[in-house]
Structure formats: structure tokens, C-alpha cells
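Please open the structure in a viewer and keep the selection panel at hand. The tour below proceeds from one selection to the next.

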Amino acid sequence: MGSAQSSSTHKVNEKRSIGKEKYANFDWDNLGFSLTPTDYMYIMKSNKDGNFSKGSLTPYGTFEISPAAAVLNYGQGLFEGLKAYRKEDGRIQLFRVEENANRMKMGAERLLMPSPSVEEFVNAVKQTVLANKRWVPPYGKGSLYIRPLLMGSGGVLGIGPAPECTFLIFTSPIGIWYKDGSKPKSLLIEDGLSRAAPGGTGGVKSITNYAPVFEAVNEAKAKGFTDVLFLDAATGKYIEEVSSCNVFIVKGNIISTPGIQGTILPGITRKSVIELALDFGYQVEERSIPVEDVIEADEVFCTGTAVGISPVSSITYKNKRAKYKTGAKSVSQKLCETLTGIQSGCIKDTKGWTVLVE
Ligand code: COI
């Protein structure tokens, strides 16, 4: 999992001056998935009728919040993640930003918050990227990760939605998610702790879905695994998700992924991979996947905005390790090349998935 940057780095970055140069003075060759504060963030607040006032850009930094805020006390919060890519010609583009806007709306309904309209969301993202454009890495070096948040920022004491919500966007240049880069991942199937329960919030991008995985992920990492694959909380028989991403298995010409049934996040990379796989002529199944099918698979890979399409070399379950095909001739590699090609602009986008920020 990506690690947060130290607070001393924050202070240094808060003080730096914002020049007019095309790129920030930064070591673009060593980007990982960690926080590098950029110049501006975007903030917009809802009034008591649930409408948002006009948002604005403000220098990146800390902001005030009521100690009784619903997000702090009751976890009334959502986040999104998307990326801005530098094309070879230097222009900047976003990938499927309306999908993030729609997913935030869906989550906001579940957590009883007003949400920005798709238009407000997309405009806010574009403004934030433009304000931080010197932080969009040069072509091929990484991307600008964009983190929209929606939170119950008004104070409440009893259980109930906040009287005021804040929509905020910050950004950070990033490279790869997993520390070992393109090296295939080794996953541990966790059969004790769960990520999401039926009727819960696993199907929306609630902030409350993430801290509960820390313990299992830390323990797995201490044992030398890259990450954890969680099973369904109801029966413990079917695979669900990895800590921060969706999962796919490949057997022959069939690519399968757990169906969206409330406990699985409707990933935007997941959705894109399904479409690309169908275009390539694979049969795609969204279904309940028992652990046995995973053990028998030819290939396993993970998908997410942060991880991209990430091949899995082995999965360990009850002390037994199953190994999978990875590398040049794998299905995941083919899908990954196509997806990243579209995202970075070196493959023509015939699907209307990308939009320029100018
Ligand atoms: C993303 O892939 O953008 C996510 O939201 C996962 C997050 C835990 C970094």
C-alpha cells in the first residue's frame, strides 16, 4: 500500500513558491505511490438545502473542520481516485472522469449526502488539474493522481447526516502503486478478517471501507506477500476484492470477475477491462467465484485506478501456493498495454473515454 509522506515534507512544500515553469522541480524518475503536495486544492460547500455554492481553488494546505463533523465522528465520507496523463505532445488528458462523478453520486445517496452534479464534478477536476499542471509528470513518467473527497463536514452529535458537506479535490504526482513495480504480485487469501459485508458499504467508495483492511494487509506484508485477497463475509467461499482493487481470473478464453452485488466496488478500470476483453473476443463472466476456481486459474490480475492492471504470480490459501502465468504473452499484459495506451494517448481512443484538459 502506498505510504503517506512525512509532515516535514508538507511544511517544505507549503512554503515553496509557485513558478511559471512547465514542470515542477522534481525527481520525476523516482515516483512511487506516496503523497507529494501540489499547489492548489479545490473546495466547495453545500448549504443547508443541499445545494453547492460556487467552488474555488485555494492553496493546498490544512483546513478547518468542526470537531463534531460527521466525517470525523461517524465516517460520513466518500473518496474517488482518477488520473491525469501527459500525452507525448505535452497535452493533458483525463480518463472516464464522468464515471467517477456518477460513482460519487451513487455513494452520496447511500451515505445521505448531497453530491456535486456530473458537470460540477468534471469542471472542478479540470480546474484543479490546470492549477496544478506543472505537477502532471512528463509523458511516460507517471500521472497526476486526483483525489476528490465528499464529506459530512458540519457538526452533529446524534447519529444522522451532517447539516453541511464539503467537496474537496487534491492532487499528487504518482508513479507505481506497489513498491516492486512491475514485478507480479503474491497475494494471500484472508479467511479471518472481511472487507465488506452484505448490506454494508462495500459497493460504494466509502472511506470506511479502507481502514478495516490495514491489519490484514500489514500482517500479509510482514509474511512477505504483496497484498491480501478478501473472501465474502457471508460464506467465506467466494473471492471479493484485494485491499484497494478488483480482481479477475483467466481460464482458457474465459475471463471472470466477481459480480457487482453490493460488496464489490464498481471499479472504473474493472469496467474498462471488461469492455476491452470483450473487444478482444474473450468471454467475460461476472459471477460468484469460488476459491477453487482461483486455484485452478491460468492467470489472475488486479485492476484499479491506482494499481492499473497488475498481474498476480501466486496466491496462497491455507498454506498452499498456486502459481499463475504472467509476462509477455499473458492476457493481463495485452489488456494493460491497450488500456495504458488509451490513457496516455498513444492508442487512439475510439470509445470516448478520454477528455483533454485545456
Ligand atoms: C484507486 O485505485 O484510486 C483507489 O481508490 C484505491 C485507493 C485505496 C488508492
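Begin with the shell of residues around the ligand, to which domain 1 (3–176) and domain 2 (180–344) each contribute at least three residues. The model is predicted, and the distances and areas given along the way are computed from it.

**The ligand and its surroundings**

Select F79, G81, Y145, R147, W177, K205, Y210, S244, T305 and A306, the residues that surround the ligand. Coloured by class, this shell shows 5 nonpolar, 3 polar and 2 charged residues.

Next, display the side chain of Y145, where a polar atom lies 2.6 Å from an oxygen atom of the ligand. Turn then to K205: an N or O atom in the side chain of K205 is 2.7 Å from an oxygen atom of the ligand. For T305, show the backbone, since the atom to find there is a backbone N or O atom, 3.2 Å from a ligand oxygen atom. A surface view may be added at this point: the ligand taken alone exposes 280 Å², and the protein buries 91% of that area.

**The two domains**

Now colour the chain by its domain assignment, with residues 3–176 as domain 1 and residues 180–344 as domain 2. The centres of the two domains, taken over C-alpha atoms, are separated by 26 Å. Selecting the residues in contact gives 27 from domain 1 and 24 from domain 2.

How much area is buried between domain 1 and domain 2? The value is about 2100 Å², and carbon and sulfur atoms give 63% of it. On the domain 1 side, select F79, F95 and R103, which lose the most area to domain 2 and together account for 30% of what that side buries. F79 has appeared before, as one of the residues surrounding the ligand.

**Polar links between the domains**

Finally, select E99 and K271, whose side chains form a salt bridge with an N to O distance of 3.1 Å. The count of salt bridges between domain 1 and domain 2 is 1. Residue pairs in polar contact between domain 1 and domain 2 number 12, with both residues at pLDDT 80 or more.

Methods. Residues are numbered from 1 along each chain as its sequence is written. This is a predicted model: local features need pLDDT of at least 70, side-chain atom pairs count only at pLDDT 80 or more; totals for chains, interfaces and linings use all residues. Side-chain values use heavy atoms; hydrogens and water are left out. A residue is near a molecule or strand if one of its heavy atoms lies within 4 Å of it. A polar contact is a pair of N or O atoms within 3.5 Å; within protein, one must be able to donate a hydrogen and the other to accept it, and residues adjacent in sequence count only if both atoms are side-chain atoms. Accessible areas come from the Shrake-Rupley method with a 1.4 Å probe; for residues, only the protein chains shown count as cover. Ala, Val, Leu, Ile, Met, Phe, Trp, Tyr, Cys and Pro count as nonpolar, Asp, Glu, Lys and Arg as charged, and the others, Gly among them, as polar. Domain bounds come from an automatic or database domain assignment. Contact means heavy atoms within 4.5 Å. Buried area is the accessible area (1.4 Å probe) that two parts lose on being put together, summed over both. A salt bridge is a side-chain nitrogen of Lys or Arg within 4 Å of a carboxyl oxygen of Asp or Glu.
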